[in-house]
Amino acid sequence: MRYFDDFVLGERHDIPVRYELTKDEIVSFAQKWDPQPFHVDEDAAAKSVYGTLTACGTHVQAIVLWLASRLPEETAVIGALGYDEIRFLKPARLGDTLRLVIECIETRPSSSKPNRGVVKNRHILMNQNDETIFTQTTTLLIARKS
């Protein structure tokens, strides 16, 4: 188990698991949550500025959370406090293989509850060409070692 006390400012974790975007997943997710033509219709997507199907933003964020959950050690998360500075820098395209890097950018012990602390991480999602396609800052409340 990884606790607040284990986080080191500046540490980076390249999640070893990769995520491949498939047509079925892009379309089924978007049909339910964001049915834009470039997410659900291959012909329309081919004529769009993207030239192919792309994953919707909510899908991209879900992939980031799925990849983050594949860290080798479980983290003693009490709860998520927020997602900030969300940036969609490039589209997540059909056939892309995505990877996640997590960088610790801030640690702060709780001033009111000594059994926990706040950790801010930068999530950096990249495609198979090492192009950054998405970033966000995640703020987590994490238990301290007892």
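This passage describes the salt bridges and the cysteines of the structure.

The model is predicted. By the distance criterion applied, the count comes to 10 salt bridges. Side chains of opposite charge can pair when their charged atoms come close. Three of the pairs and one network are set out below.

Asp5 pairs with Arg144 in a salt bridge, with an N to O distance of 3.1 Å. The two residues come from distant parts of the chain, 139 residues apart. Asp5 belongs to the segment before strand E1 (12-14). Arg144 belongs to the segment after strand E6 (132-143). Both ends of this bridge are partly exposed: the relative accessible area is 36% for Asp5 and 27% for Arg144. Each value falls in the partly exposed class because that class runs between the 20% limit for buried and the 50% limit for exposed.

A salt bridge also joins Asp6 and Lys145. Here the closest N and O atoms are 2.8 Å apart. Asp6 lies in the segment before E1, and Lys145 lies in the segment after E6, so the pair ties together parts of the chain 139 residues apart in sequence. Asp6 is partly exposed, at 24% relative accessible area. Lys145 is partly exposed too, at 48%.

A further salt bridge connects strands. Glu103 and Arg12 meet through their side chains, at 3.7 Å from N to O. Glu103 sits in strand E4 (residues 97-109), and Arg12 sits in strand E1. The separation along the chain is 91 residues. Glu103 has a relative accessibility of 18% and counts as buried. This assignment follows because buried means under 20% relative accessible area.

Charged residues also join in a network. Asp14, Arg18, Arg99 and Asp130 are linked by salt bridges. The network thus contains the acidic residues Asp14 and Asp130 together with the arginines Arg18 and Arg99.

The cysteines were examined next. The structure holds zero disulfides. Cys56 is buried, with a relative accessible area of 1%. Cys104 likewise counts as buried, at 2% relative accessibility. Both values meet the buried criterion because it requires under 20%. A disulfide would need a pair of cysteine sulfur atoms within 2.5 Å, and the count of such pairs is zero.

In brief, the salt bridges described include links between the segments before E1 and after E6, a link between E4 and E1, and a network that includes Asp14 and Arg99. The disulfide count is zero.

Key: Residues are numbered from 1 along each chain as its sequence is written. This is a predicted model: local features need pLDDT of at least 70, side-chain atom pairs count only at pLDDT 80 or more; totals for chains, interfaces and linings use all residues. Side-chain values use heavy atoms; hydrogens and water are left out. A salt bridge is a side-chain nitrogen of Lys or Arg within 4 Å of a carboxyl oxygen of Asp or Glu. Helices (H or I, at least four residues) and strands (E, at least two) are DSSP runs, numbered from the N terminus. Buried means under 20% relative accessible area, exposed over 50%, partly exposed in between (1.4 Å probe, protein chains only).
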